[in-house]
Amino acid sequence: MTISLAVPDILVARAKSGDLEALEALYRAFETPVYSLALRMLRSPEDAEDVLQETFLEVVRSIKQYRGEGHLWGWIRQIAASKALMRIRRNQVRATEELHEEAAAGPGGSGVPARVDLERAFERLSETSRAVVWLHDVEGYTHEEIAEQMGRTVSFSKSQLARAHARLRGMLEDEGAAS
Amino acid sequence: MMHCTMDDLLALQAGEASAWARSHAEVCAACRAELDALYQRVAQLKALPTRRPPRDRWPVVRDAVLARRRRRSRWGAWSVAAAATVAGLLVFRPFGTGQANAADLASIKRESATLEQQLERYDPDARVMSGRAAAVAAALEDRIAVIDGELARFGPPDAQPRPAELVKLWQQRVDLMQQLVGVHVTRAAYVGL
């Protein structure tokens, strides 16, 4: 997901001063990318909505600390990813996740475009795997950054990514064979 | 013949592969095809559409922000009695035949006011905390602010009462405030305040 949202400095300055209209403008500018990120990392739309809300509560509280270094989206994305990972940790019961993966990994339908197949396969991954794949492959996080955000090791991030890609590959192969 | 593992393919993609993996991928058509498939999967993931949130969460965020500002203002300047009065004005309503016990609600609100009083002692704006404690306190304050926002959205006192929901919200508020007081007490004990 490539985001190239330019936000005027004056709007950020107004938001820092607590101006509600400016804060709402920031919310409107970033609600879709934040929700999309959360939805890709988490299983449920309700969780993604909660992450959206928590992210902007944090943005409102901490915007004064944003020093304008880097793109504002990068700063907000960091908060959103952190909130989503916190929720994953809260939701996480590893055995249950494995069961979800196994239960959901049935053969798919035939004659659907490749993008839909991949999206469906991606949704069958555990939340942890989804988070690692999305942050690394789409958002461009390094394994070091993912490990730090998740409170895990770099090798954990690398093995999760490899495992997730092996599962994606397997699921897509199954779908191809079934069609 | 040994082929590249997924770890090898990801390392090739990242430009960090071993010499063996690099030389093997040059001569092995199967592994090159796997590497191409990996590139394609990543490209397709990047091309997945963005999703719009189904509901507008800004009103909740805004109300929480306003509620937090009111609460901070109370912490700074008001007495417990004033805080309790405001809380009462915010949510008081006749219960009629509702199942919730008005006495219970009054009790919860008194408890909430007592907790507000305790929090005043910890001067939240001048506190010194570890990053972790500050994050926990901030998360709790956010959740309290969201509940305050929901309480404020109940409408005027003569609006249709929903006593059970009201009691539940106040109870959640008290639970969160107890946790918040706990964070401050722990911090104060730690630094000897």
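This briefing walks through the fold of chain A, its helix H4, its two domains and the side of chain B that touches it. The model is predicted, so please read each point below as a description of that model. Chain A has 9 helices and 0 strands, and helix H4 of chain A will come up more than once, as it packs against other helices of chain A and also contributes to the contact between the domains.

**Chain A overall**
- Along the sequence, chain A reads α-α-α-α-α-α-α-α-α.
- Chain A has 179 residues, and 39% of them count as buried.
- Take the contacts in chain A between residues at least 6 apart in sequence: 68% of these join residues at least 24 apart.

**Helix H4 of chain A**
- H4(A) covers residues 72–91, which makes 20 residues.
- From its first C-alpha to its last, H4(A) reaches 29 Å, close to the 28 Å expected at 1.5 Å a residue.
- The buried residues of H4(A) include A:Leu72, A:Ile76, A:Ala80, A:Ala84 and A:Ile88.
- Charged side chains belong to the buried set too: A:Arg77, A:Lys83 and A:Arg87 are among the buried residues of H4(A).
- As a helpful reminder, an α-helix has 3.6 residues a turn, so residues three or four places apart point the same way.
- Which helices do the buried residues of H4(A) pack against? They pack against H1 (9–16), H2 (20–41), H3 (45–62), H7 (127–138) and H8 (143–150) of chain A.

**The two domains of chain A**
- Chain A is divided into domain 1, residues 7–91, and domain 2, residues 93–179.
- Where these domains meet, 11 residues of domain 1 of chain A are in contact with 9 residues of domain 2 of chain A.
- On the domain 1 side, H2 and H4 of chain A each supply at least two residues.
- H4(A) gives the largest share of that side, with 7 residues.
- By class, the domain 1 side that touches domain 2 in chain A has 6 nonpolar, 2 polar and 3 charged residues.

**Where chain B touches chain A**
- Between the chains, 27 residues of chain B are in contact with 32 residues of chain A.
- The elements of chain B that give two or more residues to this side are H1 (6–14), H3 (29–46), H4 (58–77) and H7 (131–152).
- Which of them provides the largest share of the side of chain B that touches chain A? That is H3(B), with 7 residues.
- The residues on this side of chain B divide into 16 nonpolar, 2 polar and 9 charged.

Methods
Residues are numbered from 1 along each chain as its sequence is written. Chains are lettered from A and ligands numbered from 1 in the order in which they are written. This is a predicted model: local features need pLDDT of at least 70, side-chain atom pairs count only at pLDDT 80 or more; totals for chains, interfaces and linings use all residues. Helices (H or I, at least four residues) and strands (E, at least two) are DSSP runs, numbered from the N terminus. The expected span of a helix is 1.5 Å times one less than its number of residues. A residue is buried if 20 or more other C-beta atoms lie within 10 Å of its own, exposed if 12 or fewer, and partly exposed in between; C-beta atoms are placed from the backbone. Two residues are in contact if their C-beta atoms, placed from the backbone, lie within 7 Å. Domain bounds come from an automatic or database domain assignment.
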